[in-house]
Amino acid sequence: MVGPRAVTVMFCVAAALTLVAAAVAAAEALESLEPGGVAMELTTNSNNNNNNNIDNSNNNNGSESSHDDRQPMTGLLAAVDQQPPQQQPQPRRFRHEASAVRVLYQTGSSEEELPVCEKWAVCSKVDMYQWPWVERQCRCPPGVPPCSQMLSPADGHTITDKTRQFKLCEPIKMLPKCRYFRDMAWTLRSEGNGTLQTVHCHCPKGSVAYLLKRQAYQTESKQIGYQYSFACSPQSRLRCQRKEPCRLFTVRKRQEMVDEVNTNTLCQCPAEHTCPSHHTDAGVIQSKNYSEENIRTYSGYCMQPSVN
């Protein structure tokens, strides 16, 4: 009887003998070849390939020299230099011819008649409710850049309140952030024939301004004036109840034949309903009329979009 270990040894010996026999056969096959035969064949093929490549290169050079339509590098550079430079888009401004923005003056009818702005006073008010119109409040003092004429709030000098923009002579990054319900964002008071709006801080992103209080004071001409103080609050997240208005509109018709509109969002409409954004939209009804001040109020209700 042969044990398992002996069988394993015999298998390894047989495999080794098979490898030796294969190596001997390969050596005999190499000796039967002519010396240098393989190297000579490779060298010949390499030389033939090089000759073919040289012939093809000569043929290509000949055809290109007879039909050379390529432009020299100097010509390409000259063509690039002759192209007109691309103009960068300019920001939309008040007096842009295509914008047709109406500019009003709180005092007088020109820039020279405007008073000099106090520190942190609003120099221009831009109304974007329906179509843009601008009311110039004052002119920036000497040594300070003029009041921004951009309709975009991204000029570094604009405080945004709903559909209105308040332009300042100073950069708004120097203003502190208001605290909800506590800090006065700005005050508005009557000064002579106009109003003076002074900004004290900027509301946090996503918040709205509301009237905090009204305070009476005595003007320089011994008359009674009023100062209105506005604070910041987060937007309402309450859902509108049935037959409850979602937005209020206060519209004042000015003598310059423009509408000054203030909007207040009261609640959020339920799913698949929208709140009117304009006082002439469907779902808006007139509430009260104050003829002495030429003010009308409207209430907007949640509407379900009509299916065509």
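This report covers model confidence and the surroundings of two residues, Glu170 and Val251, in a predicted model.

## Basis and confidence

Residues are numbered from 1 along each chain as its sequence is written, and side-chain values use heavy atoms, with hydrogens and water left out. Local features need pLDDT of at least 70 and side-chain atom pairs pLDDT 80 or more, while totals for chains, interfaces and linings use all residues.

The mean pLDDT (the predictor's confidence in each residue, from 0 to 100) is 75 for the protein, with 67% of residues at 70 or more. Residues 1–81 have pLDDT below 50, and this stretch makes 3 contacts beyond near neighbours in sequence; a contact means heavy atoms within 4.5 Å. Residues 88–98 are also below 50, with 23 such contacts. Where pLDDT is low, the predicted coordinates should not be read in detail.

## Glu170

Glu170 sits in the loop between β5 (164–168) and β6 (184–191); strands are DSSP runs of E, at least two residues, numbered from the N terminus. Glu170 is buried (under 20% relative accessible area, 1.4 Å probe, protein chains only) but has no salt bridge. A salt bridge requires a side-chain nitrogen of Lys or Arg within 4 Å of a carboxyl oxygen of Asp or Glu; the nearest side chain of opposite charge, Lys119, is 4.7 Å away.

The Glu170 side chain reaches the backbone nitrogen of Trp120 at 3.4 Å. Leaving out residues up to four places away in sequence, Glu170 touches Glu118, Lys119, Trp120 and His157.

## Val251

Val251 belongs to strand β10 (residues 247–253) and is buried, at 8% relative accessible area. Its C-alpha atom is 4.5 Å from that of Val261, 10 residues apart along the chain. Val261 is also among the residues that Val251 touches, as are His279 and Tyr298.

Key. Helices (H or I, at least four residues) and strands (E, at least two) are DSSP runs, numbered from the N terminus. Buried means under 20% relative accessible area, exposed over 50%, partly exposed in between (1.4 Å probe, protein chains only). Lys and Arg count as positive and Asp and Glu as negative; His and the chain ends are not counted. A polar contact is a pair of N or O atoms within 3.5 Å; within protein, one must be able to donate a hydrogen and the other to accept it, and residues adjacent in sequence count only if both atoms are side-chain atoms.
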